[in-house]
Amino acid sequence: MTSWRRVVEGFSETADNYAQSMAPSLRTMAVVVVQRARLRERDRILDAGTGTGVGAAAAMTSGRQVTGVDAAPGMLAIARREVPGAKFVEADFAELPFPASSFDVVISVHALHFAADPVATLGEWRRVTVADGRLSLSVPGPRSALSYRIYDPIYRRHGLQRRVEVPTRGKLLAWARAAGWRHAAVEADPDTTIRLAGPDSFERWMRTGSRSVASRALSDERFNALSADLLTVTPVGRDGLLHLPFGTLYLTARNG
């Protein structure tokens, strides 16, 4: 089984955990992605890597046609329930089942960094976008804003090494330009965080998506010890919630 398929299955199997841990915070990023897309009333919108539909929900208004695509059926089951006005299609976002020029806008919220070939994926998104169509997406970053600094020493102490690839600002721009997108621009917000209510939510987050794939190799005892140690260094905000360092890079571009 390929690593991509394992990640997809991980997200599908842990969709409820994702919906209760990651998704509420990602709604904040989704709103910004939609605002930066400058949507019009009659736009046909593709939400690539829709997950539980946070991007689709942010884009929905009367008159817009919103289609969400994701390869994880467990995530789509939640999206269909949460965003009944949108259409959801189970498919690999790198091989879309749509004719060329099917959409006016492509949006994507924290999904592109999971692509096996980001340039090819962005090229596929451009293929289904009309001439002068728009792209607006988010990914985690910049790297200095992520949780590596506080979490990696603990992973190493437990004999583990994380392999999480997120693009730099320059790499994200290079990917978009190599895929044929024009007028690409990136803005960074290093202050966005994933907000979790407490230890139970933190464990759900630890057992979500790509992290769930990694945790399968650990016994319950080792997983619980790792999770407990990570929890002790996780910042707590003035609101009393856990704030996992995440950050966001926002990319916009046009098709021509």
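Arg81 and Glu82 join their side chains in a salt bridge, with N to O at 3.9 Å. The model is predicted. A search of the whole structure turns up eight salt bridges. Three of the eight are covered here, among them the Arg81 and Glu82 pair.

**The Arg81–Glu82 pair**
- The N to O distance of 3.9 Å counts as a salt bridge because the cut-off is within 4 Å.
- Arg81 is exposed, and Glu82 is exposed too.

**The Glu187–Arg36 pair**
- Glu187 and Arg36 form a salt bridge through their side chains, at 3.2 Å from N to O.
- Glu187 sits in strand 6 (residues 182-189) and Arg36 in helix 3 (residues 23-37), so this salt bridge ties together parts that are 151 residues apart in sequence.
- Glu187 has a relative accessible area of 46%. That makes Glu187 partly exposed, because buried means under 20% and exposed means over 50%.

**The Asp43–Arg134 pair**
- A salt bridge connects Asp43 with Arg134, and their closest N and O atoms are 2.8 Å apart.
- The pair links distant parts of the chain, 91 residues apart.
- Asp43 lies in the loop between helix 3 and strand 1 (44-48). Arg134 belongs to strand 5 (residues 129-139).
- Are the two partners buried or exposed? Asp43 is buried, at 4% relative accessibility. Arg134 is buried as well, at 6%.
- Both values count as buried because the cut-off is under 20% relative accessible area.

Methods: Residues are numbered from 1 along each chain as its sequence is written. This is a predicted model: local features need pLDDT of at least 70, side-chain atom pairs count only at pLDDT 80 or more; totals for chains, interfaces and linings use all residues. Side-chain values use heavy atoms; hydrogens and water are left out. Helices (H or I, at least four residues) and strands (E, at least two) are DSSP runs, numbered from the N terminus. Buried means under 20% relative accessible area, exposed over 50%, partly exposed in between (1.4 Å probe, protein chains only).
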